[in-house]
Amino acid sequence: MVYDSMISLGREEEYMRMNGMPNVLTEVAQRIAAVLGGVPARYSYFWCYSACLVIVGLALLVFAFLWNQKEYL
């Protein structure tokens with residue numbers, strides 16, 4: 001779908017860069033998370049699980065407030 005949209009805009013040469021950027025950001029985020037997750041794990045797994053639960057709670061809070069824009073336009 002992204003490629004088709006870019007063709008219709010005449011920007012298909014930018015597809016590889018556009019498609020690759022989320023992959024790069026995912027890899028960087030995974031490496032940062034591994035390092036940051038390893039620090040509390042060195043002391044106690046309780047802190048790792050606690051941090052995970054806080055992050056999941058924040059993600060659920062964001063998810064709870066998502067809405068479909070098409071319904072409101």
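**Exercise 1. Which helix does Y3 lie in, and how far is Y3 from M21 in space?**

Keep in mind while you work that this is a predicted model.

- Step 1: Find the helix. Y3 sits in helix α1, which covers residues 2–9.
- Step 2: Check its cover. Y3 has 36% relative accessibility, so it counts as partly exposed.
- Step 3: Go to M21. Along the sequence the two residues are 18 residues apart, and in space their C-alpha atoms are 14 Å apart.

**Exercise 2. Work out whether the length of α2 agrees with its residue count, then find where α2 bends.**

- Step 1: Helix α2 runs over residues 15–43.
- Step 2: Take 1.5 Å a residue; the 29 residues of α2 should then span 42 Å.
- Step 3: Compare with the model. The end C-alpha atoms of α2 are 44 Å apart, which agrees.
- Step 4: Look for a bend. There's one of about 25 degrees at M21, and a proline, P22, follows within four residues.

**Exercise 3. Find the residues that make the nonpolar surface patch, and place V28.**

- Step 1: List the members. M21, V24, L25, V28, I32 and L36 make a patch of about 560 Å².
- Step 2: Pick out V28, whose place is in helix α2.
- Step 3: Ask how open V28 is. Its relative accessible area is 44%, so V28 is partly exposed.
- Step 4: Link back to the bend. M21, one of the patch residues, is also where α2 bends.

**Exercise 4. Track down the salt bridge and describe both partners.**

- Step 1: Recall the principle. Side chains of opposite charge can pair when their charged atoms come close.
- Step 2: Count. The structure holds 1 salt bridge.
- Step 3: Name the pair. E27 and R31 meet through their side chains, at 2.8 Å from N to O.
- Step 4: Look at the spacing. E27 and R31 are 4 residues apart in helix α2, so about one helical turn separates them.
- Step 5: Check the cover. E27 is partly exposed at 36% relative accessibility, whereas R31 is exposed at 53%.

**Exercise 5. Explain why C48 and C52 don't form a disulfide.**

- Step 1: A disulfide is a covalent bond between the sulfur atoms of two cysteines.
- Step 2: Searching the whole structure turns up 0 disulfides. C48 is in none, and its nearest cysteine sulfur is that of C52, 9.0 Å away.
- Step 3: Bring in the cut-off. The sulfur atoms must be within 2.5 Å, so 9.0 Å is too far for a bond.
- Step 4: Buried or exposed? C48 counts as buried, with 18% relative accessibility, while C52 is partly exposed at 42%.

Terms used:
Residues are numbered from 1 along each chain as its sequence is written. This is a predicted model: local features need pLDDT of at least 70, side-chain atom pairs count only at pLDDT 80 or more; totals for chains, interfaces and linings use all residues. Side-chain values use heavy atoms; hydrogens and water are left out. Patches are made of residues with over 30% relative accessible area and no salt bridge: like charges are joined within 9 Å, nonpolar side chains (Val, Leu, Ile, Met, Phe, Trp, Tyr) within 5 Å. Accessible areas come from the Shrake-Rupley method with a 1.4 Å probe; for residues, only the protein chains shown count as cover. A salt bridge is a side-chain nitrogen of Lys or Arg within 4 Å of a carboxyl oxygen of Asp or Glu. Helices (H or I, at least four residues) and strands (E, at least two) are DSSP runs, numbered from the N terminus. Buried means under 20% relative accessible area, exposed over 50%, partly exposed in between (1.4 Å probe, protein chains only). The expected span of a helix is 1.5 Å times one less than its number of residues. The bend at a residue is the angle between axes fitted to the seven residues ending there and the seven starting there.
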